[in-house]
Every structure is written in C-alpha cells, then in structure tokens.
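Let's take a walk through this protein together, one region at a time. Keep the sequence and the 3D view open side by side as you read.

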Amino acid sequence: MPFASLGLPPSVLRGVRAAGYQQPTPIQQKAIPIILEGHDLIGAAQTGTGKTAAFLLPLLARMLDGPPWLRTLILTPTRELAAQVETNARDYARFTGLRVGVVYGGVPIGPQERMLRQEGVDLLVATPGRLLDLHGRQSVSLEDIQYLVLDEADRMVDMGFAPDLGRILRLLPKKRQTLLFSATMPPDLNKVAKDALTDPRRLDLAPPSRPAAGITQAVYPVPRALKTDLLDLMLGQDEVGSAIVFTRTKHGADRLARQLQRRGHTVAPLHGNRTQSQRERALRDLKRGRIQVLVATDIASRGIDVDGISHVINFDVPHSPEDYVHRIGRTGRVDAVGDAFTLMGPEEQKDLTAIERFLGRAIPRVTLPDFDYHRRPTPEPAGSRGDRFERGERGERGERGERGRAPAPRPAAPSEPMHGRRPKPDEGRRRRRM
Ligand code: AMP
C-alpha cells in the first residue's frame, strides 16, 4: 500500500518521500486514516514501529491552511524523545510551511521563551514540567490547542508526571482531538485517558510483548563478578558494530563506562545526570561511529533513535518486562536486524523468568566457548573508585530533571565523551560468532 492512498495531501507526501520512506508501516496504515477523520485514538505501539510518523503525518495534514498560531501540542516523557519527535516533525513538515518547536527541561529557559514569544510555532513538542514553567511565565498560550498527543504516556505516568498532565489538560480547550500512545495502560494512566479522550478508537498493533521482528535474543548466564570480563570479550567480536549497554543505575553506568574505557573500548555514558549537551554529543558520536558503545540507563533508552545499532546488551536484567522490550527495541528498528543479549547473574533468574512469561516464550541460553567461566575476575586498578562520572546512586525512576524538582547535584563533569582505543581483531582473543 503506498502512502499516497492514505489520504495525505501532496505537501506532506513530499516530506515523506524526502524522508526516504517507501511503504507505510502497519501502525501508519491503520492510524493515519483514523486521525485524518478527526477521531481520538489510543494506540498501543512501541518505539520502533513508526508510531511517530503515524501521528505526525495526519496531524500536519489537518493543520494545513489553518491560522498561524500554536495548535498542536505533543507531550513526551524525556528530552531525548522530545528532540527526536521534533526532528521528525521538522523533516515531515518541510514542505508545509508549518513551524515546529521543542521545549524541555535541563537547558536554559530564555531561548525557549524567545522562540515561543518572538518566532511563534504551530506545533510544539514539550516535556510536561518545562511546558508548565513556560506557561507560568506567560510565555506560551495553550488556549488554541486543537490537537494533543500524549506520547509514551505510560512512561510519563511512571515518572510521576500524572499531576502535571492533569494540570495541562485543564489549560487546554475541551474541544480538541487527542491521541494517546502507550505500551501499557496502568490504572493512573487509565484515569488520565478517561479525562483526556472522547470516544477514542483503539489500535493494538504492536503490543509490548512482541518485540519487533528481526531481533535475535539470547541470555548469557554468568557469575555477577565476571560480567565485565564477558562483556569486554563480546564487544571485541567482529559482528558487534555499535552497541548500547544497559545498566539499572546511573552509578552502575558510570562505573561500567569507565571500566570498558580502561579496557580499550570507545565509550560514553548516557543517563539522567548527564547534561543535555553531553547526552546529545554521546548520541552524535555513536551515530558517526566515533564511539562504539553507549552505556545507558532505562530512562535514557526511551526515544533513542540511532540507526544501525547492531547490539543491545543488558548488563543487568531489567526489573520490569516492559523495560526489557523497550531496551531491545533500540536495535532491529523498522526493517533492520539486531541482536539483544542479556547477561544474567544467578540472582537475576527470577526477573528473567518474569520477562519470559511476559514474552510467552523462553529466550535461549548461550555460553561463549572462549570464555573461562571459572576464572577470577580481572582486578580493577587501584584508585578506580574515585572517578569523573559518578553522580550518586539514585535509580532513574525517582528523577525528573525538570523544573528544579529533585535536581541531582551536578559536580563539574567532562563534556568530552570517553574516547579509548578499539581492540584490534587479533588481540589475544580467538574470534568467533556469538
Ligand atoms: P518510531 O517508531 O516513530 O520511533 O520510528 C522508528 C524509525 O522508523 C525512525 O527512524 C523512523 O524514521 C523510521 N520510519 C518511520 N516510518 C517509516 C516507514 N514508513 N518506512 C521506513 N522507516 C520508517
């Protein structure tokens, strides 16, 4: 089915062509006609299915020829996702004359105020806290919003944004079209959805229990103390191009990034305590191949869109099955293939079992024949605990990074990503496919 048969106008179709898309994805085929007709929609779709274009394209179509002021608001849980959605919106809107803007916390508010007051936008992507701050300063008016999107709404509620969402909803006109995208529907979100949507259509195309096709999953049972050594070996294999390694805590991500760097890998950490420019730089460096590995936490995993990630490696088994599916969704994006490996210590078997129950199938267990599972862990050099990345151990879920609520202390940190040396193919390891 070509995009042209979905009822999109020529200026939007030109944007789609310029983006290089040939065929609409399943969620785009289903959602675009529903949205064009003006219905509210609840879509169960994970990142990687093409859901962003599924709501942006028909909304841009509906906004054509309207008055030149802010009419579309897209709320996202994280800055990364906000930036990603804005980039997509700019691409698709290129031939429409519509103006696109983005606001999120963690960066100075002044330039965002100037953008809203002086330049004006038709479509705004925002994180909830910063949007309320801007509204409180009378820098943005939400009175004329006709289209509202709640993107990754379950994650917004997870992060404690439900009250902010309620506040924002009260500032919007009652008469509007509302779209909600979410992998799950927890009770708190159900309440928000009841308030926000009117007679919504429902689409359940890619339930979170079905990771995108093309992802090869495997579990590597290994004693906890040997995880870093096993990961080091994995990253040195030929077929591992760029990888995202997930840890549960920011502290764990910093420590692991440091250890990998010391072992010759090119690495940057990505988590909520990194400044916006550090995060952007890390993503850019991974995209350009300047680094091989990002060590990230779950919050950072939402909205990351880096083409060509060959491997997602869970250094820790995620606590929740939803996080597992979201993490491995970073590889194998539309039409691509990728591998998702999980290092599992004996004490993590319970979490893994919950994930397998959620997926409805077992994930194969694999051992690396080259790896001595009875070896002693490689000692870390003395003094390796005092480091330049550590910023405290708080789990990501408690953090907001917005509106000064619970801001993490920010000791001076390098804006440089970590650059090390990539291991050479013949460096004392026999190489084999994993
Ligand atoms: P999303 O699920 O919105 O995060 O999209 C995942 C990735 O798929 C992004 O890199 C999009 O640019 C890409 N994408 C979206 N729609 C299509 C399409 N119809 N054909 C090919 N790639 C697409």
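A glycine makes a handy place to step in. Just after helix H12, Gly 289 takes a positive phi of about 80°. Please keep in mind throughout that this is a predicted model.

From Gly 289, step back into the helix that comes just before that glycine. H12 covers residues 276–287. Its twelve residues should span 16 Å at 1.5 Å a residue, and the end C-alpha atoms are 17 Å apart, so the expected and modelled lengths agree. Which residues of H12 are buried? They are Arg 279, Ala 282, Leu 283, Asp 285 and Leu 286. These buried residues cover an arc of only 160° around the axis, so they sit on the same side of H12. The general rule behind such a pattern is that an α-helix has 3.6 residues a turn, so residues three or four places apart point the same way. In this model, the buried residues of H12 pack against helix H4 (79–92) and three strands, namely S9 (242–246), S10 (267–270) and S11 (293–296).

Strand S10 is worth a pause. Val 267 and Pro 269 lie on one side of S10, Ala 268 and Leu 270 on the other, and all four are buried, which leaves both faces of the strand covered. As a general matter, the side chains of a regular strand alternate between the two faces of the sheet. S10 also pairs with S11 in the parallel sense, over four bridges. If you would like one residue pair to find on screen, Val 267 has Val 293 in S11 as its bridge partner.

Now let's move to another sheet-forming region. Seven strands form an open sheet with parallel pairing, and their order is S3-S4-S2-S5-S6-S1-S7. At the edges are S3 (100–103) and S7 (201–203), each of which pairs on one side only. On average, neighbouring strands of this sheet are turned by 15° against each other, direction ignored. Within the sheet, S2 (residues 72–75) and S5 (residues 147–150) run parallel and are joined by four bridges. There, Ile 74 stands opposite Val 149 in S5. Helix H6 (residues 128–136) lies across S2, S3 and S4 (123–126), and runs at about 100° to S3.

The loops around these elements offer some nice contrasts. Take Asp 122, in the loop between H5 and S4: is this residue buried or exposed? A residue needs 20 or more other C-beta atoms within 10 Å to be called buried, and Asp 122 is buried because it has 21. Leaving out residues up to four places away in sequence, Asp 122 touches Met 63, Pro 68, Leu 70, Arg 71, Thr 72, Leu 98 and Arg 99. Asp 122 is also 8.8 Å from Leu 73, C-alpha to C-alpha, although the two are 49 residues apart in sequence.

Compare Asp 65, in the loop between helix H3 (51–63) and S2. Asp 65 is exposed, with 8 other C-beta atoms within 10 Å, and its phi is near 65°, a positive value in a residue other than glycine. Gln 138 also has a positive phi, near 55°, without being a glycine. Gln 138 belongs to the loop between H6 and S5 and counts as exposed because it has 9 C-beta neighbours inside 10 Å. For an exposed residue in a helix, look at Arg 114: it lies in H5 (residues 110–119) and has 11 C-beta neighbours inside 10 Å. Arg 114 and Ser 139 are 25 residues apart in sequence, and their C-alpha atoms are 8.3 Å apart in space.

Finally, step back to view the whole chain. It has 15 helices and 13 strands, and 47% of its 434 residues are buried. Among contacts with a separation of 6 or more, 80% are between residues 24 or more positions apart. As for confidence, the mean pLDDT is 81, and 80% of the residues reach 70 or more. Residues 332–336 have pLDDT below 50, and this stretch has eleven contacts in the model beyond near neighbours in sequence. Over residues 384–434 pLDDT stays under 50 as well, and the model has 90 contacts for them beyond four places in sequence.

Terms used: Residues are numbered from 1 along each chain as its sequence is written. Two strands pair if DSSP finds at least two bridges between them. Helices (H or I, at least four residues) and strands (E, at least two) are DSSP runs, numbered from the N terminus. Axes are lines fitted to C-alpha atoms, for helices over the stretch in contact, and angles run from 0 to 180 degrees between N-to-C directions. Two residues are in contact if their C-beta atoms, placed from the backbone, lie within 7 Å. A residue is buried if 20 or more other C-beta atoms lie within 10 Å of its own, exposed if 12 or fewer, and partly exposed in between; C-beta atoms are placed from the backbone. The expected span of a helix is 1.5 Å times one less than its number of residues. The arc is that of the directions from the helix axis to the C-beta atoms. pLDDT is the predictor's confidence in each residue, from 0 to 100.
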